[in-house]
Amino acid sequence: MKGLIAGVAAALLAGPLLLSAPVIAAEEETPEVLAPGEGREETFYYCIACHNTALIRRSGFTRQQWDELMDWMTEKHGMNPLEGELRETIVNYLAEAYPPRRQRPPAFTNPFARD
């Protein structure tokens with residue numbers, strides 16, 4: 001019990017110190033952080049409502065996978081449904097600007113090794 005009380009007391013005493021710590025703001029993102037292409041601004045403003053652009057920029061999917069991802073985000077994460085021309089614009093942009101990455105060749109295998 002003494003340990004619990006000491007921990008709570010330490011947290012209460014440290015509270016003002018934590019509140020006075022400087023806050024480092026993340027750099028504000030702009031559409032230009034995404035690859036150029038038709039649909040960049042629409043994609044930027046629709047997507048940053050839920051996450052930053054790093055998630056987009058490090059992804060690479062086929063058009064079908066990007067399209068399916070829109071449904072998954074709606075179903076699993078409560079994204080507003082993306083439909084019609086806006087959906088087509090965004091999915092087309094993502095498929096062109098962030099396609100699947102080239103796969104690495106398989107690791108070297110010794111042709112003389114037995115299985």
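This is a selection-by-selection tour of a predicted model.

**Whole chain**

Start with the full chain in cartoon view. The protein has 115 residues, and 20% of them count as buried. Its secondary structure consists of 5 helices and 0 strands, so colouring by element gives the order α-α-α-α-α from the N terminus on. Switch to a surface view next. The accessible surface comes to about 9,400 Å², with carbon and sulfur atoms supplying 58% of that area. A contact map would add one more figure: among contacts with a separation of 6 or more, 62% join residues 24 or more positions apart.

**Stop 1: Arg-87**

Select residues 84–97, which form helix 5, and show the side chain of Arg-87 within that helix. Is Arg-87 buried or exposed? Arg-87 counts as buried because its relative accessibility is 14%, and the cut-off for buried is under 20%.

Now display what surrounds this arginine. Leaving out residues up to four places away in sequence, Arg-87 touches Asp-67, Met-70, Asp-71 and Leu-82. Two of these neighbours, Asp-67 and Asp-71, are linked with Arg-87 in a network of salt bridges.

Before leaving Arg-87, add Thr-43 to the selection. The C-alpha atoms of Arg-87 and Thr-43 are 9.2 Å apart in space, while the two residues are 44 residues apart in sequence.

**Stop 2: the two aspartates**

Select residues 63–77 for helix 4, and keep helix 5 on screen. Which residues of the salt-bridge network accompany Arg-87? They are Asp-67 and Asp-71, and each can be taken in turn.

- Asp-67 and Arg-87: the side chains meet in a salt bridge at 2.8 Å, N to O. This pair links distant parts of the chain, with Asp-67 in helix 4 and Arg-87 in helix 5, 20 residues apart. Asp-67 is partly exposed, its relative accessible area being 26%.
- Asp-71 and Arg-87: here the N to O distance of the salt bridge is 3.1 Å. Again the pair links distant parts of the chain, Asp-71 in helix 4 and Arg-87 in helix 5, at 16 residues apart. Asp-71 has a relative accessible area of 33% and is partly exposed.

**Stop 3: the remaining salt bridge**

How many salt bridges does the structure hold? The number is 3. For one outside the network, select Arg-57 and Glu-29, whose side chains meet in a salt bridge at 3.6 Å, N to O. Arg-57 lies in helix 3 (residues 54–57) and Glu-29 in the loop between helix 1 (2–19) and helix 2, so this pair ties together parts that are 28 residues apart in sequence. Both partners are partly exposed: Arg-57 has a relative accessible area of 35%, and Glu-29 has a relative accessibility of 24%.

**Stop 4: Arg-58**

Step along to Arg-58, in the loop between helix 3 and helix 4. Arg-58 is exposed, with a relative accessible area of 57%; this classification holds because exposed means over 50%. Add Arg-101 and measure between C-alpha atoms. Arg-58 and Arg-101 are 43 residues apart along the chain, and their C-alpha atoms are separated by 9.9 Å.

**Stop 5: the glutamate patch**

Return to the surface view and select Glu-32, Glu-38, Glu-41, Glu-42 and Glu-96. These residues gather in a patch of negative charge on the surface. Take Glu-41 as an example from the patch: Glu-41 is found in helix 2, residues 40–47. Glu-41 counts as partly exposed because its relative accessibility is 46%, and partly exposed is the class between 20% and 50%.

**Stop 6: Glu-88**

Finish in helix 5, where Glu-88 is found. What is the relative accessibility of Glu-88? The value is 46%, and Glu-88 counts as partly exposed. Add Gly-39 for a last distance. Glu-88 and Gly-39 are 49 residues apart in sequence, with 9.3 Å between their C-alpha atoms.

Notes
Residues are numbered from 1 along each chain as its sequence is written. This is a predicted model: local features need pLDDT of at least 70, side-chain atom pairs count only at pLDDT 80 or more; totals for chains, interfaces and linings use all residues. Side-chain values use heavy atoms; hydrogens and water are left out. Patches are made of residues with over 30% relative accessible area and no salt bridge: like charges are joined within 9 Å, nonpolar side chains (Val, Leu, Ile, Met, Phe, Trp, Tyr) within 5 Å. Accessible areas come from the Shrake-Rupley method with a 1.4 Å probe; for residues, only the protein chains shown count as cover. A salt bridge is a side-chain nitrogen of Lys or Arg within 4 Å of a carboxyl oxygen of Asp or Glu. Lys and Arg count as positive and Asp and Glu as negative; His and the chain ends are not counted. The place of a charge is taken as NZ of Lys, CZ of Arg, CG of Asp or CD of Glu. Helices (H or I, at least four residues) and strands (E, at least two) are DSSP runs, numbered from the N terminus. Buried means under 20% relative accessible area, exposed over 50%, partly exposed in between (1.4 Å probe, protein chains only). Contact means heavy atoms within 4.5 Å.
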